[in-house]
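Student: I would like a close look at one part of this structure, the helices that pack against one another in chain A. Please take me through that part slowly, and then show me what surrounds it.

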Amino acid sequence: MHTFDLSMEHITKIEGNASIKLKVKDGKVTNVKFATEEYKRFFTEAMKGKSLVAIPAHLARICGTCSNSHIMCSIEACENALGIIPSPQTKILRTLMMHGLMIRDHALHLYLFSMPDIFGKDAFLDFDESDPAQHQLLHDGFGVKSAGNFLATLIAGRSVHATLPVIGGFLKFPDEAGVTEAIEKLKNIRPAVLRLIEIFKNAPFHFDRKTKYIALVPKDTFGYINGIIETSSGKKFEEKDFRSHLEQTVIPYSQAVGYTYQGEGYMVGSLARINLAKNKLHPKTLESAAEVLKLFPSTDIFYNNLAQAIEILHSIDEATDLLSNNKFVPETPIKVEAKAGAVGIGVIEAPRGTLYHKIVLGDDGKVSNGEVVVPTGQNQINIERDVGVLVQSLIEKPEYADNSEETKNKITLKIEKLIRAYDPCMSCAAHFLKVEWE
Amino acid sequence: MQNEEKIKIGWFSFSCCEDNTVVMTEVLNDHWQEWKKIFDFRHVRVLKSKNIFDEFDIAFIEGAVASSKQEEEIKDIRSRSKKLVAVGSCAVVGLPAGQRNTFDEEQNQHISFLVTKFGAAPKVKKVSEVVKVDVEIPGCPMSPQMFLEKVNALVAELRPTT
């Protein structure tokens, strides 16, 4: 009968520092703690007293890889506080900015973090260039990342901590040469993304534990900025009411905060979005991914990888259309006039799930308070429960019956892959640096 | 280049948003083939799981130093590294990760229990306050161009015949 403690420090390649500890007593998993090890940097406290216009760039620094989604969400919260309605061109540019982010961010996760597991490699760079299939994937991976990076840079100035999007509009606009080059790059990577979808459709890993999921579902086209919050049980609520439906859970051993919905853990991210809104994907995406889309809705967390690959395809198809069908002209951003006592809420879909920003202005028109709810905070409780169920199912199998180092290593690898499928964002990473068995 | 002749690279993230790590992975888009030939990515958590912590020709440090534990880790990395490069604003000037250093009394009252509870240091430090830094690449995030220039200069210094 199994009795052991498992402790993994420094879960690497998961956007920062996280650890996991679990206890097994008399063949039962009794305790799982998935904790964020990042030292707090107190961004919401530091908002206080700042001018509203400084907040999007300030909050971008919460996260390197999805910084542009924090900028987008913060701009939305600030504009809602001030009653600013962005121009049609601004809305298109923001959509394009999000597509650049999704392509770049999902590609990093899928090629560099998750794909080595499928091929039994330690790292993406270990793929064999003399093997035609692996050679192709190496070039695919860096090519897809590069195209997303180019699009994000063209529209937003930088793919990390963007400089051009501001409250009320943009500071600079893409030129024709850049637009033409972006369209070319997007068209060139489309075949690579079809290969990517095929790889994750056929990936051998599965873990299905029925769970609730939540996403922002747009009214028309599949997207990330506006819509109605929907749950897997069919409940719908407005963006402004999102936070009031979540229960905040203090996780005493972690520097992060967890959330539950109706008393239970839930999941956010690509899988939730594709589950709830797959019919709204771009027509070309629907056509090319028709077979694979039949696998959704699903609660197999490993299909989160597949959902990310489908989202890359959608972003390519919609961005190509938007770039081809629009002329971008200089526009002065709408003037920002702080309103004493104003409150604004922004809700968008970041690469890893629903992101919430709230901003409150004081009597002096400066920021007096704020709140940020990030996707990984929402997924954290589900990750713990999944790890517990996974380990319990493993130790009940005859091949995992002993307490040997080999068995523990096999369990550790399974946990790693499961956590990686969630694409948690503590500091962008995917492998465990150090595994300690007590 | 034979494996033993490759330049041993360590990449370490401390208190920050890891924006420089993301920039580095974007620079890889155009340089991965060339870098595979000359670099031994010995300890780069974002790229691999089987990391080796022994000695480094170049150690890149991203992020500010938020605790005595992190301070000891950086000193250890310094002792194993020929060149130590601070990348990004948090490593070079300690901000914005160390913004709590500038908080007023009321803000400090709000956060002090969390600083204490998780064993963070009273003051967040930049890397050069803890160890000798050979090269600094500022920016939030670092600029890819400056990163490439500094890396190429270090390669020329460490392997003049490459």
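Tutor: What follows goes through the helix packing in chain A, then some unusual backbone spots, and then the other chain.

A word on confidence comes before the details. This is a predicted model, and it scores ipTM 0.95 and pTM 0.94. Chain A has a mean pLDDT of 90, with 91% of its residues at 70 or more. One stretch of chain A, residues 427-438, has a pLDDT below 50, although in the model it makes 55 contacts beyond near neighbours in sequence. For chain B the average pLDDT is 94, and 99% of the residues score at least 70.

Start with helix α3 of chain A, residues 67-82, and helix α4 of chain A, residues 88-118. Their axes come within 9 Å and cross at roughly 155°. An angle over 145 degrees counts as roughly antiparallel, and α3(A) and α4(A) are therefore roughly antiparallel to each other. Their crossing is left-handed. On the α3(A) side the contact is made by Asn68(A), Ser69(A) and Met72(A), which meet Arg94(A), Met97(A), Met98(A) and Leu101(A) in α4(A). Sorted by class, this contact of α3(A) with α4(A) holds four nonpolar, two polar and one charged residues.

Now follow α4(A) to its contact with α5(A). These two helices pack at an angle of about 155°, with axes 8 Å apart. By the cut-off used above, α4(A) and α5(A) are therefore roughly antiparallel as well. The crossing of α4(A) and α5(A) is left-handed. From α4(A) the residues in this contact include Leu93(A), Leu96(A), Met97(A), Leu101(A), Arg104(A), Leu108(A) and Leu112(A). From α5(A) they include Gly141(A), Val144(A), Gly148(A), Leu151(A), Ala152(A) and Ile155(A). The residues of the contact of α4(A) with α5(A) divide into 15 nonpolar, five polar and two charged. Met97(A) and Leu101(A) are among the residues of α4(A) that meet α3(A), and they also appear in the contact with α5(A).

It helps here to recall a point about helices in general. An α-helix has 3.6 residues a turn, so residues three or four places apart point the same way.

Helix α5 of chain A takes in residues 132-156, which is 25 residues. From its first C-alpha to its last it reaches 36 Å, close to the 36 Å expected at 1.5 Å a residue. Just after α5(A) comes Gly157(A), with a positive phi of about 90°.

The next partner of α5(A) is helix α6 of chain A, residues 176-201. The axes of α5(A) and α6(A) come within 9 Å and cross at roughly 145°. This crossing is left-handed too. In the contact, α5(A) supplies residues such as Asp140(A), Gly143(A), Val144(A), Ala147(A), Phe150(A), Leu151(A) and Leu154(A). Among the residues from α6(A) are Ala182(A), Lys185(A), Leu186(A), Ile189(A), Val193(A) and Leu196(A). By class, the contact of α5(A) with α6(A) has 11 nonpolar, two polar and three charged residues. Val144(A), Ala147(A) and Leu151(A) of α5(A) take part in this contact, and they are also among the residues that meet α4(A).

Next come the unusual backbone spots. Most residues other than glycine have a negative phi, and most peptide bonds are trans. Phe42(A), a residue other than glycine, has a positive phi near 60°. Phe42(A) sits in the loop between β3 (28-36) and α1 (43-47) of chain A. A cis peptide bond, with omega about 5°, joins Phe296(A) and Pro297(A). Pro297(A) belongs to the loop between α9 (290-293) and α10 (303-325) of chain A. Chain B has a cis bond from Leu95(B) to Pro96(B), with omega near 10°. Pro96(B) is found in the loop between α3 (89-93) and α4 of chain B.

Last is the place where the chains meet. In all, 36 residues of chain B are in contact with 36 residues of chain A. On the chain B side, the elements giving two or more residues are α1 (19-38) and α4 (105-117) of chain B. The most comes from α1(B), with 10 residues. The side of chain B that touches chain A divides into 17 nonpolar, 11 polar and eight charged residues.

Conventions:
Residues are numbered from 1 along each chain as its sequence is written. Chains are lettered from A and ligands numbered from 1 in the order in which they are written. This is a predicted model: local features need pLDDT of at least 70, side-chain atom pairs count only at pLDDT 80 or more; totals for chains, interfaces and linings use all residues. pLDDT is the predictor's confidence in each residue, from 0 to 100. Two residues are in contact if their C-beta atoms, placed from the backbone, lie within 7 Å. Helices (H or I, at least four residues) and strands (E, at least two) are DSSP runs, numbered from the N terminus. Ala, Val, Leu, Ile, Met, Phe, Trp, Tyr, Cys and Pro count as nonpolar, Asp, Glu, Lys and Arg as charged, and the others, Gly among them, as polar. Axes are lines fitted to C-alpha atoms, for helices over the stretch in contact, and angles run from 0 to 180 degrees between N-to-C directions. Angles under 35 degrees count as roughly parallel, over 145 as roughly antiparallel, 65 to 115 as roughly perpendicular and the rest as oblique. A crossing is left-handed if the near helix is turned anticlockwise from the far one by less than a right angle, and right-handed if clockwise. The expected span of a helix is 1.5 Å times one less than its number of residues.
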